[in-house]
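Good morning, and thank you for coming. Please keep the sequence and the structure in view while I go through a few selected regions.

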Amino acid sequence: MSAAIPLSQPDIGQLEIDAVVDVLQTNTLSIGPKIEQFERACAEVAGRRHGVGVSSGTAGLHCAALAAGISAGDEVLTTPFSFVASTNCVLFVGAKPVFVDIDPQTLNIDLDKLEAAISPKTRAIVAVETFGHPGGMLEIEQIAQRHELMLLEDCCEGFGGLGGERRIGSFGRAGVFAFYPNKQITTGEGGMIVTDDDHFAALCRSLRNQGREGMAWLAHERLGYNYRLSEINAALGIAQIQRLDEILENRRRVAHEYINRLMTNRYLILPTLQDDTHMSWFVFVVRLNDLFEPGDRDDVMRELRAEGIGCNNYFPPIHLQPYIREQFGCKPGDFPVCEYVSARTLALPFFSRMTSYQIGRVCETLERVLEKTLTGRSKRF
């Protein structure tokens with residue numbers, strides 16, 4: 001069998017290795033100049049005034065929810081089609097997530113349903129750019145302004161992208177990026193809050209550092225958390241940003257090769273790109289069309305994995321996760337578009353150094369497995 005093709009792979013070179021080694025040869029491994037440099041660089045990418053480095057995107061969303069003043073008794077509108085952190089950050093502060101079904105093209109919150117979901121208890125919107133797609137973000141920002149709601153942008157999957165003339169990360173009061181190894185750039189583990197609000201940034205800096213303000217190590221102004229990003233992680237991030245144009249161009253190359261190779265396949269729905277959208281490409285996710293039953297997707301994944309092709313089901317519906325169902329009584333059928341899409345999504349191997357040979361092998365194997373899946377089901381009946 002040919003070598004396995006992983007679902008994702010970080011793009012790390014000698015520049016990154018040297019940057020990390022340089023930090024390890026100093027006496028400052030935390031709270032030093034690298035985190036400040038990385039914060040400035042990320043703020044510039046997002047077109048914001050401030051960056052606040054944190055230990056993960058989840059930590060960033062938690063700090064942002066706290067800084068936004070969201071608390072018990074508040075309702076926060078968000079999507080059921082996302083990684084769970086976009087909901088967990090609401091739960092962390094004692095508020096109630098109120099899910100809004102998704103648009104079947106952008107896979108972001110359905111704008112028509114969003115406004116209808118606003119109630120007297122609604123305090124904020126956590127809007128996710130699913131797979132880095134900024135579709136509808138400007139309209140969501142306008143809805144939030146019209147109803148005097150706090151908008152937090154979960155842009156963990158969109159670093160370096162554009163929606164029209166707006167940079168991803170520039171919407172609402174604050175945005176939050178994530179730098180897990182499968183993201184556009186990585187710090188190993190890490191995240192970044194970006195905002196134009198001086199007070200919001202200062203509060204997030206305090207929250208990530210055990211509630212401290214200034215350098216008095218044992219003086220704590222408020223309840224805080226150990227969400228700091230180390231100098232080692234920040235150095236890795238700086239090196240990655242220095243290569244950002246190269247990395248994003250390679251990711252676009254891979255995405256466009258996939259699109260060109262699969263666009264005529266009669267079984268698949270490919271990512272929907274809008275004319276004014278400049279994707280930075282977090283993942284490459286296709287959907288099985290109506291010829292397939294919901295359970296067929298899992299059969300396809302098993303077949304692909306058996307042939308050494310990494311894949312995953314991005315994303316299972318959040319409202320059907322066991323702890324959410326138990327706490328809020330959610331059930332199948334509550335958000336039908338999300339559930340329909342989720343049952344058919346398939347994340348294919350995707351990383352910046354992926355070769356044309358690997359892309360071709362993934363596509364050939366996928367097409368063969370799709371044919372086999374449909375043929376096998378028709379024989380059973």
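Which residues of strand E13 are buried on one side, and which on the other? What we have here is a predicted model, and in it strand E13, residues 345-348, is covered on both faces. Thr345 and Ala347 are buried on one side, Leu346 and Leu348 on the other. The partner I would point to is strand E12, residues 284-288, which runs antiparallel to E13 and is joined to it by four bridges. Within this pairing, Val285 is the residue opposite Ala347.

Let me stay with E12 for a moment and consider the loops on either side. Between E11 and E12 we find Trp281 in a loop. Its phi is near 60°, a positive value in a residue other than glycine. Is Trp281 buried or exposed? With 3% relative accessibility, Trp281 counts as buried. On the other side, the loop between E12 and helix H10, residues 296-306, contains Glu293. Glu293 counts as partly exposed, at 44% relative accessibility. From Glu293 to Arg228 there are 65 residues in sequence and 45 Å in space, taken C-alpha to C-alpha.

E11 also belongs to an open sheet of three strands, in the order E7-E6-E11, with antiparallel pairing. Strand E7, residues 166-167, and strand E11, residues 277-278, are the edge strands, each pairing on one side only. Two bridges connect strand E6, residues 162-163, with E11 in the antiparallel sense, and there Leu162 faces His278.

I turn now to helix H3. How many of the eleven residues of helix H3 are buried? Nine of them are, so this helix, residues 57-67, is largely enclosed by the rest of the structure. The buried residues are Gly57, Ala59, Gly60, Leu61, His62, Cys63, Ala64, Ala65 and Ala67. What covers them includes both strands and helices. Among the strands are E1 (50-54), E5 (150-154), E8 (174-178) and E9 (191-195); the helices include H4 (85-92) and H7 (198-208). The two ends of H3 deserve a remark. At the N-terminal end, Ser56 acts as a cap, with a side-chain oxygen 3.4 Å from the backbone nitrogen of Thr58. Just after the helix, Gly69 adopts a positive phi of about 80°.

Two of the strands covering H3, E8 and E9, are linked by a loop in which Thr187 lies. Thr187 is buried, with a relative accessible area of 1%. Which residues does Thr187 contact, leaving aside its neighbours within four places in sequence? They are Phe38, Phe179, Leu229, Asn233, Leu236 and Gly237. Thr187 is 76 residues from Met263 in sequence, and the C-alpha atoms of the two are 34 Å apart in space.

Helix H7 leads us to another loop. Gln210 is located between H7 and helix H8, residues 231-242. Although Gln210 is not a glycine, it has a positive phi of about 60°. At 29% relative accessibility, Gln210 is classed as partly exposed.

A further threonine of interest is Thr373, in helix H13, residues 356-380. Thr373 is buried, its relative accessible area being 9%. A polar atom of the Thr373 side chain lies 2.8 Å from the backbone oxygen of Val369. As a reminder, an α-helix has 3.6 residues a turn, so residues three or four places apart point the same way. Beyond residues up to four places away in sequence, Thr373 touches Phe292, Asp296 and Val300.

One backbone feature should not be passed over. Where is the cis peptide bond with an omega of about -5°? It joins Tyr314 and Phe315. Phe315 sits in the loop between H10 and helix H11, residues 322-328.

I close at the surface. Which residues form a nonpolar patch there? Ile31, Met215, Trp217 and Leu218 do, with about 500 Å² of accessible area together. Ile31 comes from the loop between helix H1 (14-24) and helix H2 (33-46). Taken singly, Ile31 is partly exposed, with a relative accessible area of 37%. Thank you for your attention.

Technical notes
Residues are numbered from 1 along each chain as its sequence is written. This is a predicted model: local features need pLDDT of at least 70, side-chain atom pairs count only at pLDDT 80 or more; totals for chains, interfaces and linings use all residues. Side-chain values use heavy atoms; hydrogens and water are left out. Buried means under 20% relative accessible area, exposed over 50%, partly exposed in between (1.4 Å probe, protein chains only). Two strands pair if DSSP finds at least two bridges between them. Patches are made of residues with over 30% relative accessible area and no salt bridge: like charges are joined within 9 Å, nonpolar side chains (Val, Leu, Ile, Met, Phe, Trp, Tyr) within 5 Å. Accessible areas come from the Shrake-Rupley method with a 1.4 Å probe; for residues, only the protein chains shown count as cover. A salt bridge is a side-chain nitrogen of Lys or Arg within 4 Å of a carboxyl oxygen of Asp or Glu. A polar contact is a pair of N or O atoms within 3.5 Å; within protein, one must be able to donate a hydrogen and the other to accept it, and residues adjacent in sequence count only if both atoms are side-chain atoms. Contact means heavy atoms within 4.5 Å.
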